[in-house]
Amino acid sequence: MKKREQTKEKNNISIIPSKKENKVLLKKENASYRYKDAKKDEYAIKNINYEFEQGKTYAIKGRSGSGKTTLLSLISGLERCSEGRIIFNHKDLNQINLDTYRNHEIGIFFQSYNLLPFMSTIENIILSMDISGIKIEDKKKRALELMKQVGLKESYATRKILKLSGGEQQRVAIARSLSYCPKMIITDEPTGNLDKETEKKY
């Protein structure tokens with residue numbers, strides 16, 4: 001497929017990549033999605049084709065209702081394509097276990113952070129490592145290092161999620177998604193609750 005600096009689909013979605021060229025990690029082939037109760041010719045997104053390369057950063061832009069969140073849900077394995085397919089690292093998402101895909105291959109943090117409120121900051125981060133099965137000798141140490149990287153003090157490690165501000169919860173979600181070294185990170189407005197200085201880092 002010919003590389004493009006920007007692609008615009010019928011859904012008025014723009015996908016804007018960073019500059020460097022690398023191995024293709026994820027590919028959309030005529031990816032389409034239609035809600036079960038929609039009319040036969042009514043699609044949330046239709047016939048989207050694009051290649052995502054490893055090591056690049058992409059921004060998916062579009063007006064409200066253009067299908068951005070639907071597209072992210074398909075890429076992240078929360079939904080399957082109604083038509084077409086999405087290939088990740090040579091595997092068709094229509095043919096694999098999506099729970100395994102989400103827990104081992106990719107990191108996700110959306111506008112709702114889906115943190116476990118009855119657990120502490122560090123427990124949320126370590127839990128993701130446990131679920132992924134990643135072999136890390138000292139998970140607590142890695143969790144604390146990630147907390148430091150996202151600007152959370154070590155004293156926050158034992159604090160329950162509901163005791164954190166929105167911005168602090170967002171930092172925990174970022175740390176959690178990075179904890180098991182996923183091949184790809186998928187985000188939806190990842191820095192919306194962060195201060196400007198921290199936002200620039202991400």
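These legends accompany close-up views of a predicted model.

**View 1. The whole chain, in a predicted model**. The chain holds 6 helices and 9 strands. Of its 202 residues, 44% count as buried. Among contacts in the chain with a separation of 6 or more, 65% join residues 24 or more positions apart. The accessible surface comes to about 11,700 Å². Carbon and sulfur atoms account for 47% of that surface.

**View 2. The largest nonpolar core**. This core has 26 residues. Leu-26, Ile-75, Ile-86, Phe-88, Tyr-101 and Met-184 touch the most other members. Two or more residues each come from strands S2 (13-17), S3 (24-33), S4 (45-53), S6 (83-88) and S9 (184-187). Helices H1 (68-75) and H2 (98-105) also give two or more residues each. Another core lies apart from this one. That other core has 20 residues, among them Ile-122, Ala-157, Ile-161 and Leu-164. In soluble globular proteins, nonpolar side chains tend to be buried together.

**View 3. Tyr-101 and its contacts**. Tyr-101 is among the residues that touch the most other members of the largest nonpolar core. Neighbours within four places in sequence are left aside here. Beyond them, Tyr-101 is in contact with Leu-26, Ile-75, Phe-88 and Met-184. These four are also among the residues with the most partners in the core. Further contacts of Tyr-101 are Ser-76, Gly-77, Leu-93, Ile-96 and Ile-106.

**View 4. Leu-72 in helix H1**. Leu-72 counts as buried because its relative accessibility is 11%, under the 20% cut-off. Leaving aside neighbours within four places in sequence, Leu-72 is in contact with Ile-60, Phe-110, Ile-186, Thr-187 and Asp-188. Asp-188 is 116 residues away in sequence. In space, the C-alpha atoms of Leu-72 and Asp-188 are 7.8 Å apart.

**View 5. Ile-186 in strand S9**. Ile-186 has 4% relative accessibility and therefore counts as buried. Its contacts include Leu-72, Ile-75 and Ser-76, with neighbours within four places in sequence left aside. Ile-186 is also in contact with Ile-106, Gly-107, Ile-108, Phe-109 and Phe-110. Ser-76 lies 110 residues from Ile-186 along the chain. The C-alpha atoms of Ile-186 and Ser-76 are separated by 6.9 Å. Phe-110 is a contact of Ile-186, and Phe-110 is also a contact of Leu-72.

**View 6. Asn-89 and His-90 in the loop between S6 and S7**. Strand S7 spans residues 91-92. Phi of Asn-89 is near 50 degrees, a positive value in a residue other than glycine. His-90 also has a positive phi, of about 75 degrees, although it is not a glycine. Their exposure is given next. Asn-89 has a relative accessible area of 19% and so is buried. His-90, at 71% relative accessibility, counts as exposed. The cut-offs are under 20% for buried and over 50% for exposed.

**View 7. The second largest cavity**. The structure holds 2 cavities of 30 Å³ or more. The second largest has a volume of about 50 Å³. Leu-74, Gly-77, Glu-79, Arg-80, Cys-81, Ile-86, Leu-93, Asn-94 and Leu-98 line this cavity. By class, the lining has 5 nonpolar, 2 polar and 2 charged residues. Ile-86 of this lining is also among the residues with the most partners in the largest nonpolar core. Gly-77 and Leu-93 line the cavity, and both are in contact with Tyr-101.

**View 8. The second largest pocket**. About 490 Å³ of space lies in this pocket. Of the 20 residues that line the pocket, Asn-103, Ile-108, Asn-114, Ser-128 and Arg-176 are the closest to its centre. Two or more lining residues each come from helix H2, strand S8 (106-109), helix H3 (121-132) and helix H5. H3 gives the largest share, 5 residues. The lining has 10 nonpolar, 8 polar and 2 charged residues. Ile-108, close to the centre in the list above, is also a contact of Ile-186.

**View 9. Leu-162 in the loop between helices H4 and H5**. H4 spans residues 139-149 and H5 spans residues 166-178. Leu-162 counts as exposed because its relative accessibility is 66%, over the 50% cut-off. Pro-117 and Leu-162 are 45 residues apart in sequence. Their C-alpha atoms are 5.8 Å apart in space.

Terms used. Residues numbered from 1 in each chain as written. Predicted model: local features only at pLDDT ≥ 70, side-chain atom pairs only at ≥ 80, totals over all residues. Heavy atoms only, no water. Helix = DSSP H or I, 4+ residues; strand = E, 2+ residues; numbered from the N terminus. Buried < 20%, exposed > 50% of the residue type's maximum accessible area, 1.4 Å probe, protein only. Contact = heavy atoms within 4.5 Å. Areas by Shrake-Rupley, 256 points an atom, 1.4 Å probe, with all protein chains shown as cover. Core = buried A, V, L, I, M, F, W, Y, C linked by side-chain atoms within 4.5 Å. 1 Å grid on protein atoms, 1.4 Å probe; cavity = no way out; pocket = protein on both sides within 12 Å on 5 of 7 lines; lining within 4 Å. Points joined across faces, edges and corners; volume = space filled by probe spheres on them. Nonpolar A, V, L, I, M, F, W, Y, C, P; charged D, E, K, R; others polar.
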